[in-house]
Amino acid sequence: LTKKVLERRHDMNVVVMTEGLGASTPYDLIREGAIDFIQKPHVDSRLHDFVSNQLEQRRSKIKAELKKSAKLVKTGEFVPNGYFLSNSHIWAYIEANGVVRLGIDRLAADFLGIIDTIDFANLNIIVSTENPIFIVKKQYRDISFVSPLEGRVIDANVKIRENFDSLCTAPYQNWICKIEPYNLEEFTKNAMIGKTANEFIAAEKSALEKYLSEINVNLEDKGKHAAK
């Protein structure tokens, strides 16, 4: 079971509860990828302490990966401190439990303006970096946003449909969906953060403004050109 879990989620921490404990048991578990085990019978307080300790180790591991992946800088003009950015203009924020919140970045929000609706990916569906994670609809046009990482969709912010103005004015405070990632370390290694993310948005904004000026459209006219 440990082996099968890690084949699908190799970034997961696996602990085992076992009744039989022979001389080779700890070595067998470690060989298959488990990081620790607890033996039956146990008292509730011991199990609680054991699980709490494992969760704290998991959180520490995630924090260490984030520090190793990129040096955070002060909040910039486009991307807040601690937010990762993909080149598909989706931001990602990693929660303490490893779940990743996803939303659209400031440039995408400015470009789209107030949208009509969002089609979310189905819950529990497995997405890759080639699949749309959500589709924004505006004036009879569909704008697909490709998932920045592989994983399972576990939640969708359907309440945002009640007020799309907030998505336009505060895109980083309004997530769209949540993913249980399959390879968090690879994602953080390749995603942009801090100065790099802000420089990417600045370059994209400059290129977009140049293109729009050639067709006599102003980026500040939010949303009017998004359906063209």
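I will go through the nonpolar cores and then the salt bridges of this structure, which is a predicted model.

Start with the cores. The largest nonpolar core has 32 residues. Leu102, Ile104, Ile118, Ile133, Phe134, Phe145 and Leu167 have the most contacts inside it. Take Ile118 from that group: leaving aside residues up to four places away in sequence, Ile118 touches Phe134, Ile135, Val136, Ile160, Arg161, Phe164, Leu167 and Ile176. There is also a second, separate core, with 14 residues, including Val79, Leu85, Trp175 and Phe200.

Now the charged pairs. How many salt bridges does a search of the whole structure find? The search finds seven, and I will show three pairs and one network.

In helix H4, residues 106-112, Asp110 and Arg106 sit four residues apart, about one turn of the helix. Their closest N and O atoms are 3.2 Å apart, forming a salt bridge. Both Asp110 and Arg106 are buried.

Next, Lys137 pairs with Asp119 in a salt bridge, at 3.5 Å between the closest N and O atoms. This one links distant parts of the chain, 18 residues apart: Lys137 is in strand S8 and Asp119 in strand S6. Lys137 counts as partly exposed because its relative accessibility is 24%, and Asp119 also counts as partly exposed, at 32%.

The third pair is Lys195 with Glu199, where the closest N and O atoms are 4.0 Å apart. They are separated by about one helical turn because they lie four residues apart in helix H7, residues 195-214. Lys195 is exposed, at 56% relative accessible area, whereas Glu199 is partly exposed, at 45%.

Last, Glu95, Arg101 and Lys178 are joined into one network by salt bridges that share partners.

Key:
Residues are numbered from 1 along each chain as its sequence is written. This is a predicted model: local features need pLDDT of at least 70, side-chain atom pairs count only at pLDDT 80 or more; totals for chains, interfaces and linings use all residues. Side-chain values use heavy atoms; hydrogens and water are left out. A nonpolar core is a set of buried Ala, Val, Leu, Ile, Met, Phe, Trp, Tyr and Cys residues joined through side-chain atoms within 4.5 Å. Buried means under 20% relative accessible area, exposed over 50%, partly exposed in between (1.4 Å probe, protein chains only). Contact means heavy atoms within 4.5 Å. A salt bridge is a side-chain nitrogen of Lys or Arg within 4 Å of a carboxyl oxygen of Asp or Glu. Helices (H or I, at least four residues) and strands (E, at least two) are DSSP runs, numbered from the N terminus.
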